[in-house]
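Here are some short exercises to work through with the structure open beside you. Try each task before reading its solution.

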Amino acid sequence: MEERQVGGGSHRIIFSRRKQGSITGVRDVIAFDAKEVVLDTEEGMLTIRGSELHVNRLSVEKGELELEGQVDSMIYSATKSRDKESLLVKLFG
């Protein structure tokens, strides 16, 4: 199991064997598909790349996301989301 704590402790990433994990401090889901998940987190934009990625649970209110699939990379960017409307709101709103 790999754990990385960033900043003041409200953003946390916990993954087990690069296949299943949880992320806290999630503000918004910008985009997702089977190869890439882009999140707006408390520490900036986080892009997760891999294969067969699935978002199992998402609670934007709590800032929590559960993900599974083969994770190949996680990359932070200081760029904040320009679009304030989440992907889920666009899809279901």
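Helices (H or I, at least four residues) and strands (E, at least two) are DSSP runs, numbered from the N terminus. This is a predicted model, in which local features need pLDDT of at least 70, side-chain atom pairs count only at pLDDT 80 or more, and totals for chains, interfaces and linings use all residues. Residues are numbered from 1 along each chain as its sequence is written, and side-chain values use heavy atoms, with hydrogens and water left out.

**Exercise 1.** Write down the order of elements in the protein chain, from the N terminus on.

*Solution.* Start by counting: the protein chain has one helix and seven strands. Then read along from the N terminus, which gives β-β-β-β-β-β-β-α.

**Exercise 2.** Find the strands that pair with β3, where two strands pair if DSSP finds at least two bridges between them.

*Solution.* First, locate β3 at residues 20–24. Next, look at β2 (residues 11–16): β2 and β3 are antiparallel, with five bridges, and one of the bridge partnerships joins Ile14 to Ser22 in β3. Three residues lie between the strands of this hairpin, where Arg17 has a positive phi near 55 degrees. Finally, turn to β7 (residues 64–77), which also pairs with β3 in the antiparallel sense over five bridges; here Leu65 of β7 stands opposite Ile23.

**Exercise 3.** Sort the residues of β3 into a covered and an uncovered face.

*Solution.* Begin with the principle: side chains in a regular strand alternate between the two faces of the sheet. Now assign the residues: Gly21 and Ile23 form the covered face of β3, while Gln20, Ser22 and Thr24 form the uncovered one.

Conventions. Buried < 20%, exposed > 50% of the residue type's maximum accessible area, 1.4 Å probe, protein only. Pairing = 2+ DSSP bridges.
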